[in-house]
Amino acid sequence: MPDLRVLSYNVRSLKDDKIAVAAVIRACNPDVVCIQEAPRFLRWRSKAAELARTSGLLVVTGGRTAGAMLLLARQGVDVEAKHDVLLSKAPKLHQRGLAIGVLKILGARICVASMHLDLEAGERRKHVDEVFTHLDRVRKGAPIILAGDVNEEPGEPAWEAITARLTDAGAVAPTGDIVTFSAQNPHKIIDGIFVDPSIEVISCGVPDVPGVQQASDHRPVLAELRLPTL
């Protein structure tokens, strides 16, 4: 059996069907969930807590203080450290951030982060460098799992910068469909899960579960991973 199930999901601030979002997450049976576009305005903390509860999970960290990134985990995943980070912001562009958790699971330490890169290409590429700077600062030797909405496709500069250091799980072990956008008319791969080379990718793809079309404008990505032994 795989050691770890990681889900990455842009939920569009729960504007579409929050009940379907929670149902999709539950159906995937994840250990850790990297959420993008989490609630970030009025009552964002209680909305994040409600999403976690209805998904059968717990909030690790994130929300408005992480640029609308959010980390959830199942009960039994130990949280060694958590960090909410805001990336540099150009005028008139959205605030981007990271929700980072250093977690212990099945005897292994991992550093998991949820990210959402910008619509503007130059900002995306710049933020990749910032992302790794922050991860290296807090991970304390733990292997990295970085997941989220890259806002560009494989082969483009930001994606290439990420995969220069991490393994693209969808590229090495695709399981069926890996096209993530849009949920109604899938035609682009702009979401991914990227892992340290020491982590074995068992499978990765868009989960075939009910509710994906109406839950959000993105389709989720689910990776099954085998963690390195201590």
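1. Lys and Arg are counted here as positive and Asp and Glu as negative, leaving out His and the chain ends. On that basis the chain carries 28 positive and 28 negative charges, and the mean positions of these two sets lie 8 Å apart. The model under review is a predicted one.

2. As regards secondary structure, six helices and 12 strands are assigned in the chain.

3. On overall dimensions, the C-alpha trace extends over about 40 × 40 × 35 Å along its principal axes. The radius of gyration is 16 Å, which agrees with the value near 17 Å that a compact globule of 230 residues would have.

4. Concerning burial and surface, 55% of the 230 residues are buried. The chain exposes about 10000 Å², of which 52% is supplied by carbon and sulfur atoms.

5. Turning to contacts along the sequence, 70% of those with a separation of 6 or more are accounted for by residues 24 or more positions apart.

6. The count of aromatic pairs comes to one. The pair consists of W159 and F194 in an edge-to-face arrangement, with 5.1 Å centre to centre and 80° between the planes. This angle qualifies as edge-to-face because the class requires planes over 60 degrees apart. The pair links distant parts of the chain: W159 belongs to helix α4 (residues 157-163) and F194 to strand β10 (residues 191-195), with their positions 35 residues apart in the numbering. W159 and F194 are both buried, that is, each has under 20% relative accessible area.

Key:
Residues numbered from 1 in each chain as written. Predicted model: local features only at pLDDT ≥ 70, side-chain atom pairs only at ≥ 80, totals over all residues. Heavy atoms only, no water. Helix = DSSP H or I, 4+ residues; strand = E, 2+ residues; numbered from the N terminus. Rg over C-alpha atoms; globule rule 2.2 N^0.38 Å. Buried < 20%, exposed > 50% of the residue type's maximum accessible area, 1.4 Å probe, protein only. Contact = heavy atoms within 4.5 Å. Areas by Shrake-Rupley, 256 points an atom, 1.4 Å probe, with all protein chains shown as cover. Charge placed at Lys NZ, Arg CZ, Asp CG, Glu CD. Phe/Tyr/Trp six-rings, centres within 6.5 Å; stacked < 30°, edge-to-face > 60°.
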